[in-house]
Each structure stands twice: as C-alpha cells, then as structure tokens.
Amino acid sequence: MTHTLPDARTGRPVTADDFREALAVHASGVVVITAQHAGAPVGLTATSFSSVSLDPPLVSFYVDRASTTWPRLGAADHFAVNILASDQAELATRFARKGVDRFAEPTRWRAGPLGAPLLQDVSAHLICLPYETADVGDHVLVVGLVAEARVHGAGRPLLYHQGRFGRFLAHPAS
Ligand SMILES: Cc1cc2nc3c(=O)[nH]c(=O)nc-3n(C[C@H](O)[C@H](O)[C@H](O)COP(=O)(O)O)c2cc1C
C-alpha cells in the first residue's frame, strides 16, 4: 500500500527523499542485535533501538520485514542488544553487510549466559526475552524484556548521523 499524504505547508506529496533527508538529521546511537538460532549466531546493525518502559524493563527496535536475518532472530528464545562504542564503526558496517560471515574474524564475540552472542568491547549489553512483536508499516516492532543489563564503558558512544558514523562531543560544563 502506498501512502502519499500532502506536505502540510506545500500541499505536495511527501516523497521518500523528503522523508529520508529529514530523518537523516536525527542522530542516533548504534546497536547490533544478536541471537543464536539452530546453533549458529545471527545479528544485524540497528539504529531504531529505544527504551520503552522502566517497569517492566522493556526496550524495542524495528526490523525491516524484508530482512533475511529477521526470521532467525525472531525465532530465537532470547536476543542480545550490543550498544556500540565510538571505535566500532567497522563492526556496525560489517553487521549491515550481506554475503559475509558477520561473526568471522575480525569480529570478536563470546556466547552470553543464555547463548546469544555478546560482542567484545561494546559500551554495554542487554539480554532480552521476547515480549511483543507487531507489524508496523514495512517493519516489525520488536519489544524485549530486559533480563540482564551490563555496562562495560559508558563514555564513548558510536553515533550515526546523515549516513556517517561519528562520536559524541559533550558541551563544556557550565
Ligand atoms: C547505521 C545502520 C542502521 C541500521 N538500522 C536498521 C534498523 O534499525 N532496522 C533494520 O531492520 N535494519 C537496519 N539496518 C540494516 C541492517 O543492519 C542490515 O543491513 C540488514 O539487516 C541486512 O539485511 P539482512 O537482514 O537480510 O541480512 C541498519 C543499517 C545501518 C548501516
């Protein structure tokens, strides 16, 4: 189904380019969602990660319904959210690339307490149990109940903005 609502001011339809350009201005953190499926690790890079609820502790991300990773990720009994650090742009690129073994060298990872892969040197990881999914447009909203949350180094987040990876620069303390 195609939706072409007119732009509120100009009356012109909002094009995919208008939409993408506006959204690209929104900077976001970068995570890699990982899981274990049929004994093999799976994972993909996502910027759609968000906190949802404190009680119960819920987080979410959106995955493209066309993703070939999603059927395996969605079938897993838990998943991990790996929050990337500023020097992990290559890892983010690798987990967005098709046709490569994303978990082969130089990716460094270990199996977490429930089995889902935990990537080495990330800022933090969360281990989540599936809580809810919903089809939303061309994506699936995935909500996870956080069973474990560990911070490894909070000060250096990887950010994504206008198609590029970068670092966070805090305003000088006033
Ligand atoms: C910075 C960045 C952010 C991304 N965020 C998402 C996301 O939130 N949801 C999603 O489904 N794919 C996202 N992707 C795309 C996936 O990482 C990946 O390219 C896609 O899953 C690969 O296809 P596959 O799932 O068929 O292997 C993102 C890619 C990049 C580079």
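Strands β11 (residues 158-161) and β12 run antiparallel and are joined by four bridges, and within this pairing L158 stands opposite R167 of β12. The model in which this pairing appears is a predicted one. The two strands belong to an open sheet of three strands, arranged in the order β1-β11-β12 with antiparallel pairing. Because β1 (28-29) and β12 (164-167) each have a single partner strand, they stand at the edges of this sheet, and one side of each is left without a neighbour in it.

A second sheet is also open, and its seven strands follow the order β3-β2-β6-β9-β10-β5-β4, again with antiparallel pairing. Its edge strands are β3 and β4 (50-53), each of which pairs on one side only. From one strand to the next, the twist averages 35 degrees. In general, the strands of a sheet pair through backbone hydrogen bonds, in either a parallel or an antiparallel sense.

Following this sheet inward from the β3 edge, the reader comes to strand β2 (residues 31-37), which pairs with β3 in the antiparallel sense over seven bridges; here T34 has G43 of β3 as its bridge partner. On to β6, the pairing of β2 with β6 is antiparallel and extends over four bridges, with V31 standing opposite I83 of β6. Strand β6 in turn pairs with β9, in the antiparallel sense and over five bridges, and in that pairing F79 stands opposite C128 of β9.

Strand β6 deserves a closer look. Five of the five residues of β6 (residues 79-83) are buried, so this strand is largely enclosed by the rest of the structure. F79, V81 and I83 point one way from β6, while A80 and N82 point the other way, and all of them are buried. The burial of β6 thus includes residues on both of its faces.

The loops between these strands hold several backbone features that merit inspection. As a general matter, most residues other than glycine have a negative phi, and most peptide bonds are trans. A38, in the loop between β2 and β3, has a phi near 50 degrees, a positive value in a residue other than glycine. A38 counts as exposed because its C-beta neighbours inside 10 Å number 8. D121, which is placed in the loop between β8 (117-119) and β9 (124-136), likewise has a positive phi in a residue other than glycine, here near 65 degrees. With 13 other C-beta atoms within 10 Å, D121 is partly exposed.

Two cis peptide bonds are also found in loops. One joins D55 and P56, with omega at about 5 degrees, and P56 lies in the loop between β4 and β5. Another joins E105 and P106, with omega at about 10 degrees, and the place of P106 is in the loop between α3 (89-94) and β7 (109-111).

A further loop, between β10 (139-151) and β11, contains H152. This residue is partly exposed, since 14 other C-beta atoms lie within 10 Å of H152. When its neighbours within four places in sequence are left aside, H152 is in contact with V122, S123 and A124. By contrast, V52 lies 100 residues from H152 along the chain, and the C-alpha atoms of the two residues are separated by 22 Å.

The ligand offers another way into the model. It is surrounded by 18 residues, of which the closest are A46, S48, S67, T68 and T69. The elements that give two or more residues to this shell are β3 (40-46) and β5 (58-64), and β5 provides the largest share, four residues. By class, the shell around the ligand is made up of ten nonpolar, six polar and two charged residues.

Finally, the record can be set beside the model. In an unreviewed entry, UniProt lists residues 23-167 as "domain: Flavin reductase like". In the predicted model, the end C-alpha atoms of residues 23-167 lie 19 Å apart, and this span is 10% helix and 50% strand.

Terms used: Residues numbered from 1 in each chain as written. Predicted model: local features only at pLDDT ≥ 70, side-chain atom pairs only at ≥ 80, totals over all residues. Near = placed C-beta within 6 Å. Nonpolar A, V, L, I, M, F, W, Y, C, P; charged D, E, K, R; others polar. UniProt positions renumbered as here; feature names shortened; annotations may be inferred. Pairing = 2+ DSSP bridges. Axes fitted to C-alpha atoms, helices over the stretch in contact; angles between N-to-C directions. Buried ≥ 20, exposed ≤ 12 C-beta atoms within 10 Å, placed from the backbone. Contact = placed C-beta atoms within 7 Å.
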